[in-house]
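Student: Hey, got a minute to look at a model with me? I have a few quick questions about it.
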Amino acid sequence: MNPISDASFHKLIQILETYFVLNHMFKITLRSRLQETAYKKGSRILNFHEKQQIVWFMLEGLAREIRVNTETFEEKTMWFWSEMSFLYTTPGFFSQQPSECTIEILKDCRMVLMSYKDWTLLKDEFKETEIVTEKIRGTYDKLRQEHIDDIKNLNTVDRYFKHKQFLLQLLGVTKLKYVAEYMSMSADRLGRLRKKY
């Protein structure tokens, strides 16, 4: 773990200010509570049934959220996080409930992170913390709901074309099986669509 660099802090602030304009004191305090680190491909930075004590902001890399079946312990890829994304599970970080998911690094990552304790202190000190947090959560909830709607309402061909650009990026760095799980189709089906189109 290292103190956050100037460049990394600037990138984070750019993203945060797409949600809410932050005052100078908030930025100074926020910076003092952030750290920066790197994770290697294959690392599991959150495990099933663990309480998420850290929230991450990914500067570089790729990670997947894995839903774990509580009875069979079977794993299924539910989500991908790429650069300039906030990584957290629900329930998990904000509720401090045991996670139903695992987070695995798929490509070497560079992350900014904050502990739950520091996030709570920041929230107590600055009302902006809650506003920004809720705006981020609302945006991510909307993206996840749109993805669920696509799975329910679009056939596999339409789903493939709608997400083709992102899928091709994913397929360049991770397993076909993981991408197929995320798209809620078989690996064979996704492989055929990729070859055909």
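Student: Is R67 buried, partly exposed or exposed?
Tutor: Keep in mind that this is a predicted model. R67 is partly exposed, because its relative accessible area is 29%.

Student: And where does R67 sit?
Tutor: In strand β4, which covers residues 54-68.

Student: What does R67 touch?
Tutor: Leaving out residues up to four places away in sequence, R67 touches E74, E75, K76, M78, E100 and C101. With E100 there's a polar contact, side chain to side chain, at 2.7 Å.

Student: You mentioned C101. How many disulfides are there in the whole structure?
Tutor: Zero, going by a search of the whole structure.

Student: Why no bond for C101?
Tutor: The closest cysteine sulfur is in C109, and it lies 17 Å from the sulfur of C101, so that's too far for a bond. A disulfide needs the two sulfurs within 2.5 Å.

Student: Are those two cysteines buried or exposed?
Tutor: C101 is buried, with a relative accessible area of 1%. C109 is buried as well, at 4%.

Student: Switching topic: how many residues are in the largest nonpolar core?
Tutor: It has 54 residues, and L16, L30, W56, L87 and M111 have the most contacts inside it. Strand β7, residues 101-115, gives the most to this core, with eight residues.

Student: What does L87 touch?
Tutor: Again skipping residues up to four places away in sequence, its contacts are I45, Q52, V55, W56, M58, A63, W81, I103 and M111.

Notes. Residues numbered from 1 in each chain as written. Predicted model: local features only at pLDDT ≥ 70, side-chain atom pairs only at ≥ 80, totals over all residues. Heavy atoms only, no water. Core = buried A, V, L, I, M, F, W, Y, C linked by side-chain atoms within 4.5 Å. Buried < 20%, exposed > 50% of the residue type's maximum accessible area, 1.4 Å probe, protein only. Helix = DSSP H or I, 4+ residues; strand = E, 2+ residues; numbered from the N terminus. Contact = heavy atoms within 4.5 Å. Polar contact = N/O pair within 3.5 Å; in protein donor to acceptor, adjacent residues only side chain to side chain.
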